[in-house]
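The following note sets out, point by point, what the coordinates show. Please read it alongside the sequence and the model.

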Number of protein chains: 2
Amino acid sequence: MPRWTNNAEKRLRNAAAELFEAHGYEAVTVTAIAERAGLTRRTFFRYFPDKREVLFPQTDEIGEAVAQAINIQPKDADAGVLVGEIITVLVRAGTVITSDRQAQRKRQTLIQSSPELRERSRTKLATTAATIESALTTRGEPDAQIIAAVAVDLLRTAYQATLEGDDNASFAEHVKRARTALRSFDSYSRLPAPVSDP
Amino acid sequence: MPRWTNNAEKRLRNAAAELFEAHGYEAVTVTAIAERAGLTRRTFFRYFPDKREVLFPQTDEIGEAVAQAINIQPKDADAGVLVGEIITVLVRAGTVITSDRQAQRKRQTLIQSSPELRERSRTKLATTAATIESALTTRGEPDAQIIAAVAVDLLRTAYQATLEGDDNASFAEHVKRARTALRSFDSYSRLPAPVSDP
DNA sequence: TTCGATGATGACACTCTGTGCTATCGTCAT
DNA sequence: ATGACGATAGCACAGAGTGTCATCATCGAA
């Protein structure tokens with residue numbers, strides 16, 4: 001029979017979660033995590049490139065899903081259609097993610113408690129944005145960067161709003177609300193000289 | 001007479017810049033920077049909280065400027081007006097920042113060369129977004145978070161486009177283009193079930 | 001001038017992260 | 001058995017960041 005149940009990676013993640021919850025992220029050392037998992041410090045770093053990563057299991061599933069949806073679209077789809085698809089996928093993903101609000105709230109609280117973790121969280125979202133941007137660029141979309149960035153903003157803000165709200169507004173509703181707010185950016189441009197823009 | 005010219009902070013920044021340019025960010029040790037500046041490792045950390053920060057001198061000037069512009073507006077200004085002000089200030093700031101393209105290109109190349117520096121760069125922008133969001137929230141704007149996030153996205157993407165482009169498009173033109181691209185987010189929502197949305 | 005306070009710097013020790021390298025142990029096919 | 005192989009332990013090391021104390025220059029007051 002195997003030494004233990006052998007899911008070293010899972011054991012490490014569980015140990016980390018328990019210790020972080022008890023003492024906070026910074027107070028917990030990698031050695032402590034490894035020992036609680038019955039392993040060695042060195043082994044920890046064979047499963048995770050660094051200490052933060054033990055809290056971010058996912059590969060960029062959302063970004064991949066969005067890229068997939070973009071690639072499926074017909075060649076002549078314009079930006080409006082592509083964005084519509086992006087939003088659809090994001091709403092689906094966001095709804096799934098926020099299904100167990102209590103667990104996500106705890107996780108989010110932990111992440112927000114440490115600058116290191118906040119930075120890593122931003123990096124993950126940046127990766128998602130990069131994935132989306134790449135898919136859009138492949139299709140020749142000239143404004144891929146800003147579109148991808150805003151899409152991820154919608155995901156993030158709706159995610160947080162869904163978790164923070166005591167009300168029962170759905171993720172989709174928060175996305176819709178945020179999209180509406182974007183209209184503020186489309187007003188008549190009152191810059192130095194309003195040249196021509198009927 | 002003072003030991004040297006005593007601008008310890010400036011000396012450290014210069015030393016760091018020179019060494020980074022010569023050997024890359026990661027290859028340069030804090031000790032090396034300090035010694036080149038005629039100081040000690042320990043002194044370095046008295047001027048900068050960490051190694052990355054030696055490359056990010058600014059206090060959040062842009063965020064403050066935007067917040068200032070927001071606070072000036074009359075009480076009854078709606079989101080469209082506020083966003084207009086935000087854009088105006090961002091365009092001014094962006095134009096100034098991108099005035100010496102060559103220097104900024106070098107700086108940006110260095111930052112992009114290291115994951116640590118990319119993360120820190122994102123953190124700085126997140127700070128700017130937080131400043132703007134706070135100013136908007138103070139005014140009772142319910143969509144402060146998404147508006148602030150998108151505003152910073154405009155700043156960042158236009159900044160990068162301005163630096164990367166060999167053409168002579170201005171920062172303002174890049175912002176305008178990106179704003180136009182945001183219209184894609186305002187299309188009819190074609191989600192699961194189009195319930196009621198005339 | 002001398003003294004004492006003050007602020008900046010040096011010097012040292014220490015913890016923790018992250019990494020390379022080697023040895024060891026268990027498992028499995030032959 | 002035996003040998004190959006994958007996972008883990010064990011060790012050593014560099015570098016980041018921090019706390020603490022000593023030292024030194026400067027400057028105002030007696």
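**Notes on the protein–DNA model**

1. A backbone N or O atom of A:Val30 lies 3.4 Å from a phosphate oxygen of DNA strand C. Such a pair is a polar contact (N or O atoms within 3.5 Å; within protein, one must be able to donate a hydrogen and the other to accept it, and residues adjacent in sequence count only if both atoms are side-chain atoms). A polar backbone atom of A:Lys51 is 2.8 Å from a phosphate oxygen of DNA strand C. From chain B, a polar side-chain atom of B:Thr40 also lies 2.8 Å from a phosphate oxygen of DNA strand C.

2. The basis of these values should be stated. This is a predicted model, in which local features need pLDDT of at least 70 and side-chain atom pairs count only at pLDDT 80 or more, while totals for chains, interfaces and linings use all residues; side-chain values use heavy atoms, with hydrogens and water left out. Residues are numbered from 1 along each chain as its sequence is written, and chains are lettered from A and ligands numbered from 1 in the order in which they are written.

3. Which residues come nearest to DNA strand C? Of the 19 residues around this strand, they are A:Arg41, A:Arg42, B:Thr43, B:Arg46 and B:Tyr47; a residue is near a strand if one of its heavy atoms lies within 4 Å of it. Sugar or phosphate holds 42% of the atoms of DNA strand C within 4 Å of the protein, and bases hold the rest. The largest share of this surface, 4 residues, comes from α3(B). By class, the surface near DNA strand C has 8 nonpolar, 4 polar and 7 charged residues. Here Ala, Val, Leu, Ile, Met, Phe, Trp, Tyr, Cys and Pro count as nonpolar, Asp, Glu, Lys and Arg as charged, and the others, Gly among them, as polar.

4. DNA strand D is surrounded by 20 residues, the closest being A:Thr43, A:Arg46, B:Arg41, B:Arg42 and B:Lys51. Of the atoms of DNA strand D that come within 4 Å of the protein, 46% are accounted for by sugar and phosphate. The surface near DNA strand D draws at least two residues each from α3 (41-47) of chain A and α3 (41-47) of chain B. Helices are DSSP runs (H or I, at least four residues), numbered from the N terminus. The residues of this surface divide into 8 nonpolar, 4 polar and 8 charged.

5. Individual contacts to DNA strand D involve both base and backbone. An N or O atom in the side chain of B:Arg42 is 2.7 Å from a base oxygen of DNA strand D. A polar side-chain atom of B:Arg52 lies 2.8 Å from a phosphate oxygen of the strand. For B:Val30, a backbone N or O atom lies 3.4 Å from a phosphate oxygen of DNA strand D.

6. How are the two protein chains related? A turn of 180 degrees and a shift of 0.0 Å along the axis lay chain B on chain A with an RMSD of 0.0 Å, which is the relation of a two-fold axis. The superposition is by least squares on the C-alpha atoms of residues with pLDDT of at least 70 in both copies. Because 100% of the interface residues of chain B are also interface residues in chain A, the copies meet through the same surface.

7. In the protein–protein interface, 40 residues of chain B are in contact with 40 residues of chain A, contact meaning heavy atoms within 4.5 Å. B:Ile146, B:Arg179 and B:Phe185 supply 19% of the area that chain B buries against chain A, more than any other three residues. Together the chains bury about 3800 Å², 53% of it on carbon and sulfur atoms. Buried area is the accessible area (1.4 Å probe) that two parts lose on being put together, summed over both.

8. Across this interface the rule finds 12 residue pairs in polar contact (both at pLDDT 80 or more). On the side of chain B that touches chain A, α8(B) gives the most, with 11 residues. That side has 16 nonpolar, 10 polar and 14 charged residues.

9. The interface of chain B and chain A also holds 6 salt bridges, each a side-chain nitrogen of Lys or Arg within 4 Å of a carboxyl oxygen of Asp or Glu. B:Arg183 forms a salt bridge with A:Asp186, with the closest N and O atoms 2.6 Å apart.
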